[in-house]
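These are my notebook entries from an afternoon spent with one structure, set down in the order in which I looked things up.

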Amino acid sequence: MNMHVDDLLTALAEPTRLRALQIIWDGDEHCVCELMDRLGVTQSRMSRHIQRLKQAGLLTDRRDAQWVRYRRRADLPTAWVAVIEAVLRALPPLPQSACQKRAA
């Protein structure tokens, strides 16, 4: 995958994408329903933002029956991880999810 720093910065520049990444960055898998619940956005909007984060090379996904679970990519460049973590540390915490469709 050809990764460019401008793709990273573009992905981080949109508030909903940044907050979704904040949730996903914990290393667990997350479904779109959880992201929608915690961020208060529609399914179509959340799906578009997740797709953009995937295109930037930040996420990976796994199909689980009818669900798709998203997690951060394990093989991100160290410099990217440092940038993302610095940005995420500056954000206030998000509320927990009421969604019950989490990975087992």
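The entries below go through helix packing, a buried helix and the strand pairing.

Entry 1, the model. I note at the outset that I am working from a predicted model, and I keep that in mind for everything that follows.

Entry 2, H1 against H5. I looked up how helix H1 (residues 5-13) lies against helix H5 (residues 78-89), and found that the two pack at an angle of about 20°, with their axes 11 Å apart. Because angles under 35 degrees count as roughly parallel, I enter H1 as roughly parallel to H5. The crossing in which H1 passes H5 is right-handed. I then asked which residues in H1 and H5 meet. From H1 they are Val-5, Leu-8 and Leu-12, and from H5 they are Trp-80, Val-83, Ile-84 and Val-87. Sorted by class, this contact of H1 with H5 has seven nonpolar residues, with no polar and no charged ones. As a reminder to myself, an α-helix has 3.6 residues a turn, so residues three or four places apart point the same way.

Entry 3, Leu-9. I also checked Leu-9, which has its place in helix H1. Is Leu-9 buried or exposed? Its relative accessibility is 49%, so I record Leu-9 as partly exposed. Leu-9 and Trp-80 are 71 residues apart in sequence, and their C-alpha atoms are 9.7 Å apart in space.

Entry 4, H3. For helix H3 (residues 32-39) I wanted to know how many of the eight residues are buried. Six of them are, so H3 is largely enclosed by the rest of the structure. I list the buried residues as Val-32, Cys-33, Glu-34, Leu-35, Arg-38 and Leu-39, a set that takes in Glu-34 and Arg-38. What these buried residues pack against is helix H2 (15-24), strand E1 (30-31), helix H4 (43-55) and strand E3 (67-72). After H3 comes Gly-40, with a positive phi near 65°.

Entry 5, the strands. Turning to E3, I found that E1 runs antiparallel to E3 and is joined to E3 by two bridges, with Cys-31 standing opposite Arg-69 in E3. Strand E2 (residues 59-64) is likewise antiparallel to E3, and six bridges join the pair. Here Arg-62 stands opposite Arg-69, so that I have Arg-69 written down opposite both Cys-31 and Arg-62. Two residues lie between the strands in the hairpin of E2 and E3, where Ala-65 takes a positive phi near 55°.

How values were computed:
Residues are numbered from 1 along each chain as its sequence is written. This is a predicted model: local features need pLDDT of at least 70, side-chain atom pairs count only at pLDDT 80 or more; totals for chains, interfaces and linings use all residues. Side-chain values use heavy atoms; hydrogens and water are left out. Axes are lines fitted to C-alpha atoms, for helices over the stretch in contact, and angles run from 0 to 180 degrees between N-to-C directions. Angles under 35 degrees count as roughly parallel, over 145 as roughly antiparallel, 65 to 115 as roughly perpendicular and the rest as oblique. A crossing is left-handed if the near helix is turned anticlockwise from the far one by less than a right angle, and right-handed if clockwise. Contact means heavy atoms within 4.5 Å. Ala, Val, Leu, Ile, Met, Phe, Trp, Tyr, Cys and Pro count as nonpolar, Asp, Glu, Lys and Arg as charged, and the others, Gly among them, as polar. Buried means under 20% relative accessible area, exposed over 50%, partly exposed in between (1.4 Å probe, protein chains only). Two strands pair if DSSP finds at least two bridges between them.
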